Amino acid sequence: MPNIPVVQHILSANDQIAAENRALFDASGILVLNLMASPGAGKTSVILATAARLPAAMRPGVIEGDLASRIDADIIAARGIPVTQINTGGGCHLDAPMIRSALPGLPLADLNLLLIENVGNLVCPANFALGADLNVVVASAPEGHDKPYKYPGMFAAADVVLLNKADLIDVFEFDLPFFERGLRMVNDRAPLFLLSCKSGAGVDAWVDWLAGPERLAGPERLAERWRQR
Amino acid sequence: MHELPVTQGILQVAVETARQHNADHITDIHLVIGVLAGLVDDSIQFYFDILSQDTLAAGATLHFRREPAIAVCGQCGRQTEVTPPLLTACPACASPRLTVTGGRAFYVDSIDID
């Protein structure tokens, strides 16, 4: 009964397709964000607020992931942003094959930024690579300051964290230092931006970071792409 | 419910490896899963019993090795094993300056074959 060493990631089949997605995005010069959050944190609002403030040279497209409905996709389409909808039919996360299947629904040649709105969930989306450049985790003040302690896997996977509905920090007695300590416990690299999609406060700082020269300090591949713009 | 695709992944990795070694049967699958990976052993076992029917892994035993997550105190250096929800302060000196490492592993370590 020989023992065969394997040491292979359980989702390596998904990882393989994620790598193919990423190669396609690279070849197309598209920066890809994977937005993850609980339901109601404001992922769609972040997409709309971000798109509204992007420099003119940036041309966004959106993949909307939801269990069901086209509600979010219709809102985004109404703003004139190219969008395609994935309905997971009850599935709790997006995976790389779903992204691959959705791509023909977008004019990739016209885009240089793709925002993927994952299914609202702070657990499993973190396990499934899509081929994105940046994992954007959106938290929000009404959810409470304990989320990094309860969902450390998600916050550890973040490349950047947005705290939305920051105008409600006092209303919900959201303990920002406690939240930030929990985040830093598992993630010492992801910048944290406080913003309010409702008032617009803080959105510029996040968009400046996304579109700004700081990105050049990122991975070489990303830096090269930004230089080409 | 994400244990379903995870279990499909386990089965896929194990069966492909067994085929490469011309195995007739997989008797055991050894998994390493971090405590922060958000996966439930019983749920994986439940799906595995269904999905493995009529495969090389039918009847195989799953072994779960839990990779711990360690909180290191930035004040006194004390190391504490943690699971979610994480500690909010060091149990030794009460400092909130903690750094958590490990616990996110997620792989098939080895298989036993006939």
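# Notebook: the contact between chains A and B

I began with polar contacts and counted 12 residue pairs in polar contact between chain A and chain B, both residues at pLDDT 80 or more. I note here that the model is a predicted one. Next I looked for salt bridges between chain A and chain B, and the count is zero.

**Entry: extent of the contact.** I looked up how many residues take part. Chain A gives 33 residues to the contact and chain B gives 37 residues. The size of an interface is often given as the accessible area lost when the parts come together. For chain A and chain B, I found a buried area of about 2,900 Å². Carbon and sulfur atoms give 68% of that area. In chain A, the residues that lose the most area to chain B are Ile4(A), Ile10(A) and Met185(A). Together these three make up 27% of what the chain A side buries.

**Entry: the chain A side.** Which elements of chain A give two or more residues to the side that touches chain B? I listed β1 (3–9), α1 (12–28), α5 (147–150), α6 (152–156) and α7 (176–186) of chain A. The most comes from β1(A), with seven residues. I then sorted the residues of this side by kind: 21 are nonpolar, nine are polar and three are charged.

**Entry: strand to strand across the chains.** I followed β1(A) into chain B. It is joined to β6(B) by five bridges, and the two strands run antiparallel. I looked up one partner in particular: Ile4(A) is bridged to Ile111(B) in β6(B). Ile4(A) had already come up as one of the residues of chain A that lose the most area to chain B.

**Entry: Ser110(B).** I picked one residue of chain B for a closer look. Ser110(B) sits in strand β6 (residues 106–113) of chain B. Is Ser110(B) buried or exposed? Its relative accessible area is 7%, so I wrote it down as buried, the limit being under 20%. What does the side chain of Ser110(B) meet in a polar contact? I found the side chain of Asn3(A), at 3.0 Å. I also listed the residues in contact with Ser110(B), leaving aside neighbours within four places in sequence. From chain A these are Asn3(A), Ile4(A), Pro5(A) and Val6(A). From chain B they are Asp28(B), Ile29(B) and His30(B).

**Entry: a hairpin in chain B.** I turned to strand β3 (residues 69–73) of chain B, which pairs with β4(B) in the antiparallel sense over four bridges. The partner of Ala69(B) in β4(B) is Val82(B). Five residues lie between the strands of this hairpin, and there Gly77(B) takes a positive phi near 85 degrees. Strand β4 (residues 79–82) of chain B has two faces: Thr80(B) and Val82(B) are on the covered one, Gln79(B) and Glu81(B) on the uncovered one.

**Entry: salt bridges.** Over all chains I counted eight salt bridges. One of them is between the side chains of Arg22(A) and Asp133(A), at 3.7 Å from N to O. This pair links distant parts of the chain, 111 residues apart. Arg22(A) is in helix α1 of chain A, while Asp133(A) is in the loop between β5 (113–117) and β6 (134–140) of chain A. Arg22(A) is partly exposed at 28% relative accessibility, whereas Asp133(A) is buried with a relative accessible area of 11%.

A further salt bridge joins Asp159(A) and Arg189(A) through their side chains, at 2.8 Å from N to O. I placed Asp159(A) in the loop between α6 and β7 (160–164) of chain A, and Arg189(A) in the loop between α7 and β8 (192–194). These two are 30 residues apart.

I also looked at Lys150(A) and Asp146(A), whose closest N and O atoms are 3.0 Å apart in a salt bridge. Lys150(A) is partly exposed at 43%, and Asp146(A) is partly exposed at 23%. Both belong to a network of salt bridges with Lys147(A).

**Entry: Phe174(A).** I ended in the loop between β7 and α7 of chain A, where Phe174(A) lies. Phe174(A) is buried, with a relative accessible area of 6%. Among the residues it touches, beyond four places in sequence, I noted Ser140(A), Leu163(A), Ile169(A) and Phe179(A). I checked Leu106(A) as well: Phe174(A) and Leu106(A) are 68 residues apart in sequence and 39 Å apart in space, C-alpha to C-alpha.

How values were computed. Residues are numbered from 1 along each chain as its sequence is written. Chains are lettered from A and ligands numbered from 1 in the order in which they are written. This is a predicted model: local features need pLDDT of at least 70, side-chain atom pairs count only at pLDDT 80 or more; totals for chains, interfaces and linings use all residues. Side-chain values use heavy atoms; hydrogens and water are left out. Buried means under 20% relative accessible area, exposed over 50%, partly exposed in between (1.4 Å probe, protein chains only). A polar contact is a pair of N or O atoms within 3.5 Å; within protein, one must be able to donate a hydrogen and the other to accept it, and residues adjacent in sequence count only if both atoms are side-chain atoms. Contact means heavy atoms within 4.5 Å. Buried area is the accessible area (1.4 Å probe) that two parts lose on being put together, summed over both. A salt bridge is a side-chain nitrogen of Lys or Arg within 4 Å of a carboxyl oxygen of Asp or Glu. Ala, Val, Leu, Ile, Met, Phe, Trp, Tyr, Cys and Pro count as nonpolar, Asp, Glu, Lys and Arg as charged, and the others, Gly among them, as polar. Two strands pair if DSSP finds at least two bridges between them.
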